[in-house]
Amino acid sequence: MTLGTLTGGLQKIAPLFEPLVNELVKKQLTKDLFHNDETGWKVFEIIEGKTGYRWWLWVTQSRSVVYYILAPSRSGDIPIKYFSGLDKHLEQVIVVCDRYKGYIRLAREIPQIILAFCWAHVRRDFLDAARSYPKLEAWMLDWVELIAELYHLNKQRLKEWDETKSLETQNQDFKQHHQALAQASQKMKERYAHLLEAEKENKNLERIQCKILNSLNNHWKGLMVFVANPQVPMDNNIAERRMRNPGMGRKNYYGSGSQWSARLAAMMFSLFQTILLWGLNPHHWLHDYLDACANNGGQPPSDIRPFIPWMMSESRKQQLSKPLPELTATPLESEQPQSP
């Protein structure tokens, strides 16, 4: 098969998946907890007004949907445009993310959004500095231990957490762990605040120490969101893991050859990762969906509910969670002579 035939075929089937992706977006924008991340991507098409081939792949994950957007920039306009479609009945929406300024702008322009910043990034600040500044290694690693304590206390708390209850009605063990976590967090805040206040007069800290502590102070409110909201993880590893599969592909095929293929890639990333999130077999699911399209004259099936995880029956989920059954050869295929 020639390259042109293959790409032409992919271009023709791309519209088949649009109704499914629309359902993903509709579902996701009713949720109140998201994980966001972005990474570089290449789209090898000359676009008027744009210099170079650098694009960005954005991911937004909720409890039931993983959604990707390929955009020509890393502008905060990208998440702002997407989250502007949030269900208007949502009073509070939490977005777990890194400290990129585009997300800070997102929260400023959409008031119901609260940012929960990633503790793994804060931990990385101290570890990177420990490697780069040997004489400050012990000081930096001491803070790493304090962060590890927060992770430990939160893990103990979550063992007792009942997500159907409010903080006030949790059991006594949860409340004890919750109080310990709140106290440890407060001690950390008092510690960095004391150091920064003393620095104004004594100038005892190195520049890198001030930089990290000021960052900790500037993002403290977002770093503390998880304390009052146990459903919120302390880090953004969920979104970062969703970038691994596209990242591995990027190393092999370097990106997308055109805007239409970039859009198709984002749609398929979204569909396959959502299918995996629901414990379904992507190969089985895709085979059934394309078969249904073929039976409908090369158009999306009139009823797509059997292919949307939260719309399909439990028996259907069980069926699609298994590998695709081996296809039986047709009589014509079975009669073909074997190669010597």
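This is a short tour of a predicted model, one selection at a time.

**The whole chain**

Start with everything shown as a cartoon. The protein chain has 340 residues, and 44% of them count as buried. Its C-alpha trace spans about 85 × 55 × 50 Å along the principal axes. Colour by secondary structure and you should find 16 helices and five strands. If you switch on a surface, you are looking at about 19,400 Å² of exposed area, with carbon and sulfur atoms supplying 52% of it. As for how the chain meets itself, take contacts between residues at least 6 apart in sequence: 67% of these join residues at least 24 apart.

**The sheet**

Now select the strands. The five of them make an open sheet in the order β3-β2-β1-β4-β5, and the pairing is mixed. At the edges sit β3 (66-71) and β5 (113-117), each pairing on one side only. Look along the sheet and you'll see it twist, by an average of 25° from one strand to the next.

Next, add helix α4, residues 101-109, which packs on this sheet. Which strands does α4 touch? They are β1 (33-42), β2, β4 (93-97) and β5. Compare directions too: that of α4 makes about 150° with that of β5.

**Strand β2 and its partners**

Zoom in on β2, residues 54-61. Is β2 mostly covered or mostly open? Mostly covered: seven of its eight residues are buried. On one side, β2 pairs with β1 in the antiparallel sense over eight bridges. Show E38 and W58 here, as W58 in β2 is the bridge partner of E38.

β2 also pairs with β3, again antiparallel, over six bridges. Pick V59 and you'll find Y68 of β3 opposite; step to T60 and the residue opposite is Y67. Follow the chain from β2 to β3 and you pass through a hairpin of four residues.

**A stop at P72**

Carry on past β3 to P72, in the loop that leads from β3 to α3 (77-83). Why does P72 count as partly exposed? Because its relative accessibility is 40%, and the partly exposed range lies between 20% and 50%. Leaving aside neighbours within four places in sequence, P72 is in contact with K50, R54 and W55. Try a distance label from P72 to I47 as well: they are 25 residues apart in sequence, and 9.6 Å apart in space from C-alpha to C-alpha.

**The nonpolar cores**

Hide the cartoon for a moment and show side chains. In soluble globular proteins, nonpolar side chains tend to be buried together. Here the largest nonpolar core has 81 residues. Select L20, F83, I113, W119, F126 and L216, the members that touch the most others. Then centre on L20. Beyond its neighbours within four places in sequence, L20 is in contact with L271, W285, Y289, I304, F307 and I308.

There is also a second, separate core, made of 14 residues. W55, V66, M243 and A265 are among them. You have already met W55 as a contact of P72.

**Last stop: helix α13**

Finish with α13, residues 259-277. This helix has 19 residues and reaches 27 Å from its first C-alpha to its last, close to the 27 Å expected at 1.5 Å a residue. Just after α13, click on G279, where phi is positive at about 75°.

Key: Residues numbered from 1 in each chain as written. Predicted model: local features only at pLDDT ≥ 70, side-chain atom pairs only at ≥ 80, totals over all residues. Heavy atoms only, no water. Core = buried A, V, L, I, M, F, W, Y, C linked by side-chain atoms within 4.5 Å. Buried < 20%, exposed > 50% of the residue type's maximum accessible area, 1.4 Å probe, protein only. Contact = heavy atoms within 4.5 Å. Pairing = 2+ DSSP bridges. Helix = DSSP H or I, 4+ residues; strand = E, 2+ residues; numbered from the N terminus. Axes fitted to C-alpha atoms, helices over the stretch in contact; angles between N-to-C directions. Expected span 1.5 Å × (residues − 1). Areas by Shrake-Rupley, 256 points an atom, 1.4 Å probe, with all protein chains shown as cover.
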